[in-house]
Amino acid sequence: MPSLLVIIFAVELVVQLVNTIGAATINNLLWRIALSLPIPLSAEFAEQRKKQKEYLAVRRDLNATSSQDEFAKWARLRRQHDKLLEDLEKRKKDLDGSKTKFDRTLTSVRVVATRGVQWFLPFWYSREPMFWLPYGWFPYYVEWFASFPRAPLGSVSIVVWQWACTGVLALAIETVMAVLGLFVAARQKQQEKAKVKQAVPASAKAEGSKAEAK
């Protein structure tokens, strides 16, 4: 069943990526993408940003206006300030509610599409062989373990295939992250060396100027 092999591998890959990147980071990224789409939510967010700019401008003018020398102007700006602040707080509350609902929906979809599939497929296809081991190549205990829990003896069960995918993907992701970490560390070290090289001639030039002045 090659299609099932691919499905299990894809599900485990998604799970490992979510664990590595972080569910909150993925939710925030998808939220930003949603706000850039032509939907009512993005229009509401754009209006909130516009109101925020208006509020900051009025607040700046209010702070620059004297309540004693320009009372009429100060009172007008104060009313605008309070109205915009109230409107912003209401809009922020609505957007926070939408964000919470968005996160809950994504979490539910992610759990069903990953954890749910992780549990359902091994249960439903527990007796189905993923592929067969070469006959006579492995001892009995290896064949028994490969077919655990209920696949035919001599085959690899869906549970064991799932374990193998999880282990290989976790190892591969750890290796990639380690290589990236080494690359970033080496790049930072090069940048620090470049800064030191730039600082040394500057200090030498300053000392030379002092010596000429003397």
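A salt bridge, as the term is used here, is a side-chain nitrogen of Lys or Arg within 4 Å of a carboxyl oxygen of Asp or Glu. In this predicted model, Arg78 forms such a bridge with Asp82, the closest N and O atoms being 3.6 Å apart. Both residues lie in helix α4, which spans residues 71-124, and they stand four residues apart, about one turn of the helix. Arg78 counts as partly exposed, because its relative accessibility of 36% falls between the limits for buried and exposed, and Asp82, at 35%, is likewise partly exposed.

Before going further along this helix, it helps to see the chain as a whole. Its secondary structure comes to six helices and two strands, and from the N terminus on these elements run α-α-α-α-β-α-β-α. The radius of gyration is 31 Å, well over the 17 Å that the globule rule gives for 214 residues, so the chain is more spread out than a compact globule. Taken along the principal axes, the C-alpha atoms fill a box of roughly 95 × 65 × 25 Å. Of the 214 residues, 25% count as buried, while the accessible surface comes to about 15,600 Å², of which 64% belongs to carbon and sulfur atoms. Among contacts between residues at least 6 apart in sequence, 65% join residues at least 24 apart.

Helix α4 can now be followed further. Side chains of opposite charge can pair when their charged atoms come close. A search of the whole structure finds five salt bridges, among them one in which the side chains of Asp94 and Lys90 meet at 3.5 Å, N to O. These two residues also lie in helix α4, four residues apart, about one turn of the helix; Asp94 is partly exposed at 34% relative accessibility, whereas Lys90 is exposed, with a relative accessible area of 53%. Another of the bridges joins Lys99 to Asp103, with the closest N and O atoms 2.9 Å apart. Because Lys99 and Asp103 are four residues apart in helix α4, about one helical turn separates them. Lys99 has a relative accessible area of 17% and is therefore buried, the limit for that term being under 20%.

Helix α3, made of residues 40-63, holds Lys53 and also Gln48. Which residues does Gln48 touch, not counting those up to four places away in sequence? They are Leu88, Arg91 and Leu95. Gln48 is buried, with a relative accessible area of 11%, and its C-alpha atom is 9.8 Å from that of Glu89, although the two residues are 41 apart in sequence. Lys53, by contrast, counts as exposed at 60% relative accessibility. From C-alpha to C-alpha, Lys53 and Val15 are 40 Å apart in space, with their positions 38 residues apart in sequence.

Later in the chain there is a nonpolar surface patch of about 830 Å², made by Tyr140, Tyr141, Trp144, Phe145, Phe148, Leu153 and Trp163. Helix α5, residues 140-146, gives the most to this patch, with four residues. Leu153 is found in the loop between α5 and β2, and with a relative accessible area of 44% it is partly exposed.

A last stretch to consider is residues 160-185, which an unreviewed UniProt entry annotates as "transmembrane region". Over these residues the model is 100% helix and 0% strand, and the end C-alpha atoms are 37 Å apart.

Key
Residues numbered from 1 in each chain as written. Predicted model: local features only at pLDDT ≥ 70, side-chain atom pairs only at ≥ 80, totals over all residues. Heavy atoms only, no water. Patch = residues over 30% accessible without salt bridge, like charges linked within 9 Å, V, L, I, M, F, W, Y side chains within 5 Å. Areas by Shrake-Rupley, 256 points an atom, 1.4 Å probe, with all protein chains shown as cover. Buried < 20%, exposed > 50% of the residue type's maximum accessible area, 1.4 Å probe, protein only. UniProt positions renumbered as here; feature names shortened; annotations may be inferred. Rg over C-alpha atoms; globule rule 2.2 N^0.38 Å. Contact = heavy atoms within 4.5 Å.
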